[in-house]
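Grab a pencil and try these short exercises. Each task comes with a worked solution, so have a go yourself before reading on.

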There are 2 protein chains.
Amino acid sequence: MAEWNKNVRLLRTLNDDHEGKFAAVEGEVEDRDGEKKSAVLLFEKTPFQFDDLVKLMQDDEKQFKVDFINDVYHKYTVEARSACNDVKLAYIYPAAPLHIKKYSKKKFSLICETSQCYETIVRPYIEKNQLNAQWVYNIIDGKSERERILLENDQFIVLPDIMWDGKAIESIHVLGLVKSHDIHSIRDLKPEHIPLLESLLAKTKEFLSSKYGISSKTIRAFFHYPPTFYHLHVHFTALQNRLCGCEVERAHLVEDVIDHLKLQSNYYQIKTLYYKVAVNDPLYKLLEQEEEDKA
Amino acid sequence: MAEWNKNVRLLRTLNDDHEGKFAAVEGEVEDRDGEKKSAVLLFEKTPFQFDDLVKLMQDDEKQFKVDFINDVYHKYTVEARSACNDVKLAYIYPAAPLHIKKYSKKKFSLICETSQCYETIVRPYIEKNQLNAQWVYNIIDGKSERERILLENDQFIVLPDIMWDGKAIESIHVLGLVKSHDIHSIRDLKPEHIPLLESLLAKTKEFLSSKYGISSKTIRAFFHYPPTFYHLHVHFTALQNRLCGCEVERAHLVEDVIDHLKLQSNYYQIKTLYYKVAVNDPLYKLLEQEEEDKA
């Protein structure tokens with residue numbers, strides 16, 4: 001296999017996630033003809049393993065620096081020279097401008113989407129630009145990913161999210177896709193959909209509980225608004241996962257959605273929805289323009 | 001300063017956060033008299049620094065192992081021997097049983113709190129056990145933490161959350177405490193509180209925006225339910241932070257709360273609220289018992 005190319009020069013940080021100990025960096029490589037080409041390097045520190053920690057603790061004591069000691073609390077910085085020091089590196093080379101864009105830090109802004117703003121700006125925008133959910137139809141129609149399906153009936157299909165390995169129970173993430181083509185997002189939901197939502201929620205939780213031996217009460221089920229694709233789907237993730245898109249300004253619990261449909265039949269047609277949008281998203285510019293025009 | 005004590009024997013993992021690259025481990029130390037005492041060790045990997053990554057890239061190439069190569073995508077595991085390998089270690093010794101409990105992984109379970117269940121179980125429980133908010137009254141009455149106050153008027157006080165260092169803008173976390181002693185949580189909110197909530201939201205966002213030079217649209221404002229203390233307060237955090245308690249089964253956007261109070265005056269008295277509770281929390285046992293009695 002190819003060896004690591006040491007001629008990569010790091011240019012600048014594209015993104016930096018302190019919580020997840022992740023960094024994306026733009027690099028530059030001079031090839032044999034002296035031509036400079038772009039590269040993207042994604043670094044992520046690895047989780048701790050118990051055996052590796054035991055090894056670290058037996059390391060030469062000189063690697064420990066005392067930060068402070070206060071009563072029973074001692075704080076050190078440990079330079080891990082021989083254990084617990086693996087870094088995962090994904091190296092994209094040559095990198096296209098789209099790769100640079102994809103891995104650059106996104107700036108987000110909180111949006112108030114009133115029902116009027118949905119009707120006049122958002123709906124026309126998604127109908128024009130983002131209604132391509134052909135891959136979902138392929139799954140529903142049995143044309144692709146048949147082998148990945150976990151559960152299916154005449155109303156919905158359940159399969160692992162593309163980012164889940166299908167194994168690690170603690171990071172479980174499955175999607176429930178409704179079969180109807182007519183519901184693009186929670187904005188389209190009406191009381192007539194309550195039985196579908198109740199069934200999708202109960203049957204999927206029951207299935208996950210029995211297949212993976214976990215309590216159904218350790219699973220959260222939610223919609224994204226706005227969704228990444230406009231064909232109604234529910235995310236099921238483990239409560240302990242917090243980096244799965246379950247932030248309050250993006251996620252809507254299925255249970256709350258059902259309650260709201262019972263409370264007011266046109267809740268999702270009239271409610272102002274608050275969510276974050278990347279400022280380089282064309283939708284953001286349309287919504288900003290609208291606000292300026294009003295002001 | 002004291003040197004690192006190499007006699008610590010690691011016994012078992014108490015908690016393990018793969019997302020945050022954090023681990024809590026129980027240890028045992030034999031002191032000079034041969035007596036064994038408990039210790040808790042908290043390990044956390046450090047975020048990447050650009051200069052440190054440049055150093056890592058110049059390391060001996062033998063530290064790179066190829067995981068796979070597919071077209072422009074290359075994946076490696078890098079053993080970071082001389083850079084990017086710092087681990088923060090907090091060492092608690094001697095550790096009391098409460099320390100072990102505090103740092104052990106909590107198992108959470110999703111709860112449906114109906115209004116009836118709130119009235120008969122939760123409210124009596126919190127009135128009996130958790131209404132000790134004396135430290136909040138001390139702040140409101142000007143008896144403590146005067147120097148930490150960022151903003152104050154006759155309705156509320158804003159100050160940094162105890163976990164925020166008050167400096168790093170990207171991890172901003174401030175609390176807005178209402179001065180009224182009568183509102184324990186969102187369950188107590190009624191339409192008469194709308195002006196208070198609107199003012200707290202607008203004035204705090206305006207203040208944060210001008211003090212820290214950030215757009216007020218990059219801040220999310222939310223309540224926790226259940227809260228950690230029963231005196232109404234709002235969390236203000238940066239949108240980019242996702243590990244600040246903003247999960248959908250715990251957080252309620254202030255904007256949504258205001259909308260709901262306008263939609264239905266007794267929304268927070270009648271709405272079923274869904275949230276997670278640690279299974280070793282006494283409240284969890286009470287709620288479970290109730291469910292079993294019903295079944």
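**Exercise 1.** Work out whether helix 6 (residues 254-263) of chain B is largely enclosed or not.

*Solution.* Keep in mind that this is a predicted model. Step one: a residue is called buried when its relative accessible area is under 20%. Step two: go along the helix and list the residues that pass, which are B:Val254, B:Glu255, B:Asp256, B:Val257, B:Ile258, B:Asp259, B:His260 and B:Leu261. Step three: that's eight of the 10 residues, so helix 6 of chain B is largely enclosed by the rest of the structure.

**Exercise 2.** Now hop over to chain A and find how helix 5 (residues 194-212) and helix 6 (residues 254-263) are oriented where their axes come within 10 Å.

*Solution.* Start with the angle: the two axes cross at roughly 160°. Angles over 145 degrees count as roughly antiparallel, so that's what helix 5 and helix 6 of chain A are. Their crossing is left-handed. Which residues meet there? From helix 5 of chain A, they include A:Leu197 and A:Leu201, and from helix 6 of chain A, they include A:Val257 and A:Leu261.

**Exercise 3.** Describe the surroundings of A:His233, which an unreviewed UniProt entry annotates as "active site".

*Solution.* First, place it: A:His233 lies in strand 12 (residues 233-238) of chain A. Next, check accessibility: at 4%, A:His233 counts as buried. Then look for partners beyond four places in sequence: A:Leu175, A:Gly176, A:Leu177, A:Phe223 and A:Pro227 are in contact with A:His233. Finally, a polar atom of the A:His233 side chain lies 2.8 Å from the backbone oxygen of A:His231.

Note on methods
Residues numbered from 1 in each chain as written. Chains lettered and ligands numbered in written order. Predicted model: local features only at pLDDT ≥ 70, side-chain atom pairs only at ≥ 80, totals over all residues. Heavy atoms only, no water. Helix = DSSP H or I, 4+ residues; strand = E, 2+ residues; numbered from the N terminus. Buried < 20%, exposed > 50% of the residue type's maximum accessible area, 1.4 Å probe, protein only. Contact = heavy atoms within 4.5 Å. Polar contact = N/O pair within 3.5 Å; in protein donor to acceptor, adjacent residues only side chain to side chain. Axes fitted to C-alpha atoms, helices over the stretch in contact; angles between N-to-C directions. Parallel < 35°, antiparallel > 145°, perpendicular 65-115°, else oblique. Left-handed = near helix turned anticlockwise from the far one by under 90°.
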